[in-house]
Number of protein chains: 2
Amino acid sequence: MSSPVLSPETFETVVVAGVGLIGGSVALGLRERMLSRHIIGLDASAGALEEALALGVIDEARTAPGEWLRSADLVVLAVPVKVLTSLARSLAPYLAPGALITDVGSVKTGIAAEFEALGVRAFVPGHPMTGSERGGVANASAGLLENAVWVLTPTERTPLTALSRMRRLVEQLGAAPVVMPPDAHDKLVATVSHLPYLASLALTHMVARDERLSLLAAGGFRDLTRVASGDPRMSRDMVVENKVALREALHSFSRQLAHLADTLDDPEELLLAASEGKRTRDNLPVVKRSLLPPKYDLVVAVPDKPNQIGAITRILGEASINIKDIEVLAIREHGGAIRLGLEEAGDVDRAAALLRQEGYATRNRG
Amino acid sequence: MSSPVLSPETFETVVVAGVGLIGGSVALGLRERMLSRHIIGLDASAGALEEALALGVIDEARTAPGEWLRSADLVVLAVPVKVLTSLARSLAPYLAPGALITDVGSVKTGIAAEFEALGVRAFVPGHPMTGSERGGVANASAGLLENAVWVLTPTERTPLTALSRMRRLVEQLGAAPVVMPPDAHDKLVATVSHLPYLASLALTHMVARDERLSLLAAGGFRDLTRVASGDPRMSRDMVVENKVALREALHSFSRQLAHLADTLDDPEELLLAASEGKRTRDNLPVVKRSLLPPKYDLVVAVPDKPNQIGAITRILGEASINIKDIEVLAIREHGGAIRLGLEEAGDVDRAAALLRQEGYATRNRG
């Protein structure tokens, strides 16, 4: 039995209020999947609008709300959480009753209550769990939303028809809708998103106090503090908006850490904890769903000459060896290394032989 | 004035005791830079030795210490910290007085004291700050050591000549030597390495207690918990060995977190803290030294057909456009996207035009 295939709902006029990384990505997703006819960008920044127009992300630009909003059948609020409620208030008078309204803010209780107070019924609060260190519409892409979990947080008054339209839209954009109440969402993201940010920030502050530490910080530390490298203002607004839930998460985190500190005297217990942590982490959907490492890897050392990537792929292309994945492992002064992900085990040996013939050093990987 | 160029010291017979990720990488580094004539792998595991021989990492395999060790002029102990002192004891009787001895353990006070007690003078404790989620000799590479900080921790009794030989060896392997006493090292790595591990582990434990959390964990959480995905036993041994310094680091971390929790009520202060964190993190040597994002990026959408990487690089190769970097952004059921890093701004426009001619969709990136 297959589930019924719902035909996608298409929108005549979409308004994306806030043309940044996420708003731009929603616009591109709608466009690439042909879900909309006309996309209007609304933004206080003329520069952002110009860029969005130039990149073909939007069709029309507006700097202020007005009567023109009545033609919209889909309105996506994609501004930072701090200005979300004031944007909601400024748009509300112009929204058509049949329009589907949503937002992409990272904290949901406040905006859900705001739209209820404004009497906008067809509002479905949302939060696509995706992002990038590099913000702005220039980094937007439809792919950013693909395979992302997109939380929808209806209140008790959200019409189920609006929820169902929104769920379908999320699926059409290639994301996975997950539905829960706003306060449940806010508690969960406090733990998986806002607490990690504060922990990461605390680690960077320890390093800021002793320069020798920054010298010894290696790859693990770099990964762990990546979230501290995001836009400070947006990060700050996000955690402040959710501070009640975040404080609870911090208490829970402190208890976990204290427990782990105790197990330093009980190595058997700590080993169990370490194994459980690895199992949990390796089974995270975001880890398992992410690009799987190809089974057949070949690492090629490349000299510091122009267009080595082109030369290597040409050699393999001529031999009809399909490159499934490619990664530049390192670019150094005296050359670097490239990892090739190949389709079959036999490809690795063939590719290695061909590349060696041409003077490249190669190494197989597990 | 240029500093005098020291000719590299070459070694006749090198013993790598423990042929895993790091031991194997040291062996490969010595080999690729022609710093050794003959490399003997010593390991309790016959399987690891076989693999190392098959991969060409070592020339000869030994499963137990013995008189044969007297011929070694460089001995590298590259076993997990937990078995380091017992290995030191079993090797000590056979070490030639002129041999340079070092180790790569992640905690230094214990092993430094052990070799002093054993009366081995030419021992220079070391710790290359590098690694990989994937362990084992199969993942070893000379490149793993390149540009890595390699801490050397002489005691007051370490001969300066041995230190100077070791420093030169580290440089020859492409790494950056940093010299400090063993206890200073242990305190610093407690903060930049062992504390982050425990924090990461604590976060995974919070997620293990609520499945909804794992669903909402996104890229930031994945990055933050990557270190929890390492080998549980090695991670456990590392933190237990350094538990005194680690407990101090934990206290300091708790204070930083508590301070940040307070600033949730003082958004201006928190913004300063967030900005300072970003600045510190973005200026970490490990961040700045790592592969710089090329200035001129072009993203190409690729359909789900064989050898798209080859086709794209061929098109650019024929137009003599040099590809400096390439990254597979996503592989999905219906195709994916590839980011190309190009040398010049003009290249992006030319490449985009050529690729569009061939039916590819492209997008420029900041």
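**Stop 1: Ser320(B)**

Start by selecting Ser320(B), which counts as exposed at 63% relative accessibility; exposed means over 50% relative accessible area, buried under 20%, and partly exposed in between (1.4 Å probe, protein chains only). What you have open is a predicted model, in which local features need pLDDT of at least 70 and side-chain atom pairs count only at pLDDT 80 or more, while totals for chains, interfaces and linings use all residues. To find your way, note that residues are numbered from 1 along each chain as its sequence is written, that chains are lettered from A and ligands numbered from 1 in the order in which they are written, and that side-chain values use heavy atoms, with hydrogens and water left out.

Ser320(B) is not a glycine, yet its phi is positive, about 60 degrees. Show the backbone around Ser320(B) and you will see the loop between helix H13 (308-318) and strand E11 (323-332) of chain B. Helices (H or I, at least four residues) and strands (E, at least two) are DSSP runs, numbered from the N terminus.

**Stop 2: Met34(B)**

Next, select Met34(B). Its phi is also positive, about 55 degrees, although Met34(B) is not a glycine. Which loop holds Met34(B)? Look between helix H1 (21-32) and strand E2 (36-42) of chain B. Met34(B) counts as exposed because its relative accessibility is 66%.

**Stop 3: strand E4 of chain B**

Now select residues 74-77 of chain B, which form strand E4. Are the side chains on its two faces buried or exposed? Leu74(B) and Val76(B) on one side, and Val75(B) and Leu77(B) on the other, are all buried, so both faces are covered.

Add the strands that pair with E4(B); two strands pair if DSSP finds at least two bridges between them. Strand E1 (residues 11-17) of chain B runs parallel to E4(B) and is joined to it by four bridges. Strand E5 (residues 100-103) of chain B also pairs with E4(B) in the parallel sense, over four bridges. Leu74(B) is a handy residue to label here: it is the bridge partner of Val14(B), and its own bridge partner in E5(B) is Leu100(B).

**Stop 4: a three-stranded sheet in chain B**

Colour strands E7, E8 and E9 of chain B. They form an open sheet in the order E7-E8-E9, with mixed pairing. Strand E7 (126-128) and strand E9 (176-179) of chain B stand at the edges with a single partner strand each, so one side of each has no neighbour in the sheet. From one strand to the next, the twist averages 20 degrees; axes are lines fitted to C-alpha atoms (for helices, over the stretch in contact), and angles run from 0 to 180 degrees between N-to-C directions.

Strands of a sheet pair through backbone hydrogen bonds, either parallel or antiparallel. E7(B) and strand E8 (residues 149-152) of chain B run antiparallel and are joined by three bridges. To see one pair of residues, select His127(B) and its bridge partner in E8(B), Val151(B).

**Stop 5: Glu269(B)**

Move to helix H11 (residues 267-282) of chain B and pick out Glu269(B). Glu269(B) is partly exposed, with a relative accessible area of 33%. Which residues does Glu269(B) contact, leaving aside neighbours within four places in sequence? They are His259(B) and Thr263(B); contact means heavy atoms within 4.5 Å.

**Stop 6: strands of chain A**

Switch to chain A and select strand E1 (residues 11-17), where six of the seven residues are buried. E1(A) runs parallel to strand E2 (residues 36-42) of chain A, and six bridges join them. One of the residue pairs to show is Phe11(A) with its bridge partner in E2(A), Ser36(A).

Then colour E7, E8 and E9 of chain A, an open sheet of three strands in that order with mixed pairing. Its edge strands are E7 (126-128) and E9 (176-179), each pairing on one side only. Strand E8 (residues 149-152) of chain A pairs with E9(A) in the parallel sense over four bridges. Label Val149(A) and its bridge partner in E9(A), Ala176(A).

**Last stop: chain A as a whole**

Zoom out. Chain A has 14 helices and 13 strands, and its C-alpha atoms fill a box of roughly 70 × 60 × 50 Å, taken along the principal axes. Of its 366 residues, 55% are buried.
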